[in-house]
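Dear colleague,

I am passing on a structure that you have not worked with before, and I would be grateful if you would look it over. My notes follow directly after it.

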Amino acid sequence: QVQLVESGGGLVQAGESLRLSCAASGSIFSINSMGWHRQAPGKQRELVATITSGGSTNYGNSVKGRFTISRDNAKNTVYLQMNRLKPEDTAVYYCTAVLATTPGVVRNDWGQGTQVTVSS
């Protein structure tokens, strides 16, 4: 059993910052990459950012230059620092992890999501 538990969402005003955290726990053999996706009402889920165990990052175009993803491998935790937030960043943010519970068996897990609301 694997759990991804997100925290740090909330309501902020445009221009402010938030930091999301996501901790993975349970029967984990290894974690390849962790990241964040988001889904706004009436829209498709989209990539926000990912980070590999080696520290390579990838960002969605709409957040480049404003959001920073980081990771603590020892704690199986990923962070998302969100600066200069805009109303269009309002969404449910989901933590994701590509991991193995046993050697060679890789799967993609998702957290329950945390709401981020940015008011104008």
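To begin with one pair that you can find on the screen, L99 stands opposite R107 in β10. These two residues belong to the pairing of β9 with strand β10 (residues 105-110), which is antiparallel and extends over six bridges; here a strand is a DSSP run of E of at least two residues, helices are runs of H or I of at least four residues, and both are numbered from the N terminus, while two strands count as paired if DSSP finds at least two bridges between them.

Please keep in mind that this is a predicted model, in which local features need pLDDT of at least 70 and side-chain atom pairs count only at pLDDT 80 or more, whereas totals for chains, interfaces and linings use all residues. Residues are numbered from 1 along each chain as its sequence is written, and side-chain values use heavy atoms, with hydrogens and water left out.

The hairpin of β9 and β10 has two residues between the strands, and in it G104 takes a positive phi near 85°. β9 has further partners: nine bridges join it to strand β4 (residues 30-39), again in the antiparallel sense, and in that pairing S30 stands opposite A100 of β9. Strand β11 (residues 114-119) is likewise antiparallel to β9, to which it is joined by three bridges, with Q115 in β11 as the bridge partner of V92.

Elsewhere, four strands form an open sheet in the order β1-β3-β8-β7, with antiparallel pairing. Its edge strands are β1 (2-7) and β7 (67-72), each of which pairs on one side only, and the twist averages 15° from one strand to the next, where axes are lines fitted to C-alpha atoms (for helices over the stretch in contact) and angles run from 0 to 180 degrees between N-to-C directions. Within this sheet, β1 and strand β3 (residues 18-26) are paired over six bridges, and S7 has S21 in β3 as its bridge partner.

Two loop residues also deserve a look. N76, in the loop between β7 and β8 (77-82), has a positive phi near 50° although it is not a glycine. N76 counts as partly exposed because its relative accessibility is 23%, given that buried means under 20% relative accessible area, exposed over 50%, and partly exposed in between (1.4 Å probe, protein chains only). R84, found in the loop between β8 and β9 (91-102), is likewise not a glycine and has a positive phi of about 50°.

With kind regards
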